[in-house]
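Reader: I am new to this structure and would like a close look at one part of it, described step by step. Please take the sheet, what lies across it, and the open space beside that.

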Amino acid sequence: MRSLTFTRSLVCGIVLLGSLITPLFAAPKVGMDAPDFSLTDIDGQPRSLRDFRGKTVVLEWVNPECPFVKKHYESGNMPRLQKEAAEEGVIWLSINSGHAGAQGDFEPSKVVEWQDRTGAVPTAYMRDQSGSVGRLYDAKTTPHIFVINPEGVLVYEGAIDSIRSANPRDIGQAENYVTSSLRAVSEGRMPDKTTSEPYGCTVKY
């Protein structure tokens, strides 16, 4: 009887613990507050999402050696989006969640060289070698885009556009979900399309 009581207590404890832990690791949902995080950028400056409350924020998961990322950077598409976003006061945070030594896990000096070569102009580029922020957001691919409105609410997550390919020639034919999401936020409304299936290389956790 004593053993049964102990077993029941243990099971209840595990269930209770599970109910407390699960939300901490649940992927963020559109329409809910985007989870806060802190990372140090390649200039050594600490960056926290909460620091940008009141501004629209784009989170972009990146791997400079991924063919799909190359498509959008070497064509000038991603730098163009970053420049247009900056002109509207949008914060653009590029995050690389690859583990140390993974494909595209560039040292800061190499990141700067890559940015200079491609014309990339994010507000900040951050390495997340532990993968903690990538897993917090359940980032799956590079690129994987998240748009957060000035109130801190996630309003879009998914692919950069509607054509799942690594061919730069497809860019002009695709619907750009980042552009449409940022336009919707500037107009004070939710995007017409709030989620899509991201495409690209898997994040190298």
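Author: What follows goes from the sheet to a helix and then to the largest pocket.

The model is a predicted one, in which local features need pLDDT of at least 70 and side-chain atom pairs count only at pLDDT 80 or more, while totals for chains, interfaces and linings use all residues. Residues are numbered from 1 along each chain as its sequence is written, and side-chain values use heavy atoms, with hydrogens and water left out.

The sheet is open and is formed by 5 strands in the order S5-S4-S3-S7-S8, with mixed pairing. At its edges stand strand S5 (124–127) and strand S8 (154–158), each of which pairs on one side only, and from one strand to the next the twist averages 15°. Strands here are DSSP runs of E with at least two residues, helices are runs of H or I with at least four residues, and both are numbered from the N terminus; two strands pair if DSSP finds at least two bridges between them. Strand S7 (residues 144–148) and S8 run antiparallel and are joined by 4 bridges, and within this pairing Ile145 stands opposite Gly158 in S8.

Across strand S3 (57–61), strand S4 (91–96), S7 and S8 lies helix H6 (residues 177–186), which runs at about 5° to S7. Such angles run from 0 to 180 degrees between N-to-C directions, and the axes are lines fitted to C-alpha atoms, for helices over the stretch in contact, where contact means heavy atoms within 4.5 Å.

Helix H6 also takes part in the largest pocket, giving the most to its lining, with 5 residues; helix H3 (77–87) and H6 each supply at least two residues of that lining. A pocket is, on a 1 Å grid over the protein atoms alone, an open set of points where a 1.4 Å probe fits, with protein on both sides within 12 Å along at least five of seven lines, and lining residues have an atom within 4 Å of a point. The volume of the largest pocket is about 260 Å³, counted as the space filled by probe spheres set on grid points joined across faces, edges and corners. Among the residues that line this pocket are Leu81, Glu84, Thr179, Leu182 and Arg183. The lining divides into 5 nonpolar, 4 polar and 3 charged residues, where Ala, Val, Leu, Ile, Met, Phe, Trp, Tyr, Cys and Pro count as nonpolar, Asp, Glu, Lys and Arg as charged, and the others, Gly among them, as polar.
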